[in-house]
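These are notes for a colleague who is opening this structure for the first time. Please keep the sequence and the model side by side while reading the points in order.

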Amino acid sequence: MKSNEELIETAKEAAKNAYCPYSQFPVGACVLYESGNVYLGCNIENSSYGLSLCAERNAISTAIAAGEKSKLLKIAIYSPKSTKCFPCGACRQWLQEFEKGQNIQIILEDDNNGLCLYNINDLLPYSFNLI
Ligand code: THU
């Protein structure tokens, strides 16, 4: 199982693949599942700005497309342009979709204080759910 440090380092690698010609704001994400598998994502922008895809949703999509069936335990998120690159509201809702009582951990890097840990239930309380 990758450590939190390894997960953020992997998110840094993923950020190098970002396609962000409009914002010049690269983001990388790395998701860890109970199986021990990890999947990467980067942001992908589009000329039609609203179609841009965030790194976090790209990573989760990659996991699902690969057939991952175990619980989503952790996500590390990194941008070289930001200290503690928090997930946007849409990505919080995506994470919440896969919250099955494990309180998904969110790992961010603070430029001055190293790794900071949050969980999805604190970042998105009273969330909308159908099931
Ligand atoms: N972005 C992400 O990849 N994740 C987030 O949670 C917030 C924003 C991307 C979208 C866009 O390509 C760039 O960062 C600037 O908003």
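1. Helices, as the word is used in these notes, are DSSP runs of H or I with at least four residues, and they are numbered from the N terminus. With that in hand, one can place Gly-67, which comes just after H2 and takes a positive phi of about 95°. Please bear in mind throughout that this is a predicted model.

2. Two further residues deserve a look for their backbone. Most residues other than glycine have a negative phi. Gln-24, although not a glycine, has a positive phi of about 55°, and its place is in the loop between helix H1 (4-15) and S1. Asn-103, likewise not a glycine, has a positive phi of about 50°, and this residue is found in the loop between H3 and S4. As to their surroundings, Gln-24 counts as partly exposed at 46% relative accessibility, while Asn-103 is partly exposed with a relative accessible area of 30%.

3. The packing of helix H2 (residues 55-65) on helix H3 (residues 89-97) comes next: the two meet at an angle of about 25°, and their axes are 9 Å apart. Because angles under 35 degrees count as roughly parallel, H2 is described as roughly parallel to H3. On the side of H2 the contact is made by Glu-56, Arg-57, Ile-60 and Ser-61, and on the side of H3 by Ala-90, Cys-91, Trp-94 and Leu-95. Sorted by class, the residues in this contact are five nonpolar, one polar and two charged.

4. Which residues of H2 are buried? They are Ala-55, Glu-56, Arg-57, Asn-58, Ala-59, Ile-60 and Ala-63, so that charged residues, Glu-56 and Arg-57 among them, appear in this list beside nonpolar ones. The buried residues of H2 pack against H3 and also against strand S1 (28-33), strand S2 (38-42) and strand S3 (72-78).

5. Ala-59, in helix H2, gives a view of this packing from a single position. Its relative accessibility is 0%, and it therefore counts as buried. With neighbours within four places in sequence left aside, Ala-59 is in contact with Ala-29, Val-31, Tyr-39, Leu-40 and Gly-41. Of these partners, Tyr-39 is 20 residues away from Ala-59 in sequence, and the distance between their C-alpha atoms is 5.7 Å.

6. Ile-77 belongs to strand S3 and, at 1% relative accessibility, counts as buried. Not counting residues up to four places away in sequence, Ile-77 touches a list of residues that includes Ile-8, Ala-11, Val-27, Ala-29, Glu-56, Cys-85, Pro-87, Ile-106 and Leu-108. The C-alpha atoms of Ile-77 and Leu-40, which are 37 residues apart along the chain, are separated by 10 Å.

7. Ile-104 lies in the loop between H3 and strand S4 (105-110), and is it buried or exposed there? The relative accessible area of Ile-104 is 0%, so this loop residue is buried. Leaving aside neighbours within four places in sequence, its contacts are Leu-72, Leu-73, Lys-74, Leu-95, Phe-98, Glu-99, Tyr-118, Asn-119 and Ile-120. For Tyr-118, 14 residues from Ile-104 along the chain, the separation between the two C-alpha atoms is 8.5 Å.

8. Asn-119, listed above as a contact of Ile-104, lies in strand S5 (residues 114-119). Apart from neighbours within four places in sequence, Asn-119 is in contact with Asn-103, Ile-104, Gln-105 and Ile-106; Asn-103 is the loop residue with a positive phi that was discussed in point 2. By contrast with these contacts, the C-alpha atoms of Asn-119 and Ser-48, 71 residues apart along the chain, are separated by 32 Å.

9. The last point concerns open space in the model. How much space lies in the largest pocket? The figure is about 160 Å³. There are 14 residues lining this pocket, of which Val-27, Asn-43, Cys-54, Ala-55 and Glu-56 are the closest to its centre. Divided by class, the lining has nine nonpolar, three polar and two charged residues. Glu-56 may be worth a second look, since it also takes part in the contact of H2 with H3 and is one of the buried residues of H2.

Key. Residues numbered from 1 in each chain as written. Predicted model: local features only at pLDDT ≥ 70, side-chain atom pairs only at ≥ 80, totals over all residues. Heavy atoms only, no water. Axes fitted to C-alpha atoms, helices over the stretch in contact; angles between N-to-C directions. Parallel < 35°, antiparallel > 145°, perpendicular 65-115°, else oblique. Contact = heavy atoms within 4.5 Å. 1 Å grid on protein atoms, 1.4 Å probe; cavity = no way out; pocket = protein on both sides within 12 Å on 5 of 7 lines; lining within 4 Å. Points joined across faces, edges and corners; volume = space filled by probe spheres on them. Buried < 20%, exposed > 50% of the residue type's maximum accessible area, 1.4 Å probe, protein only.
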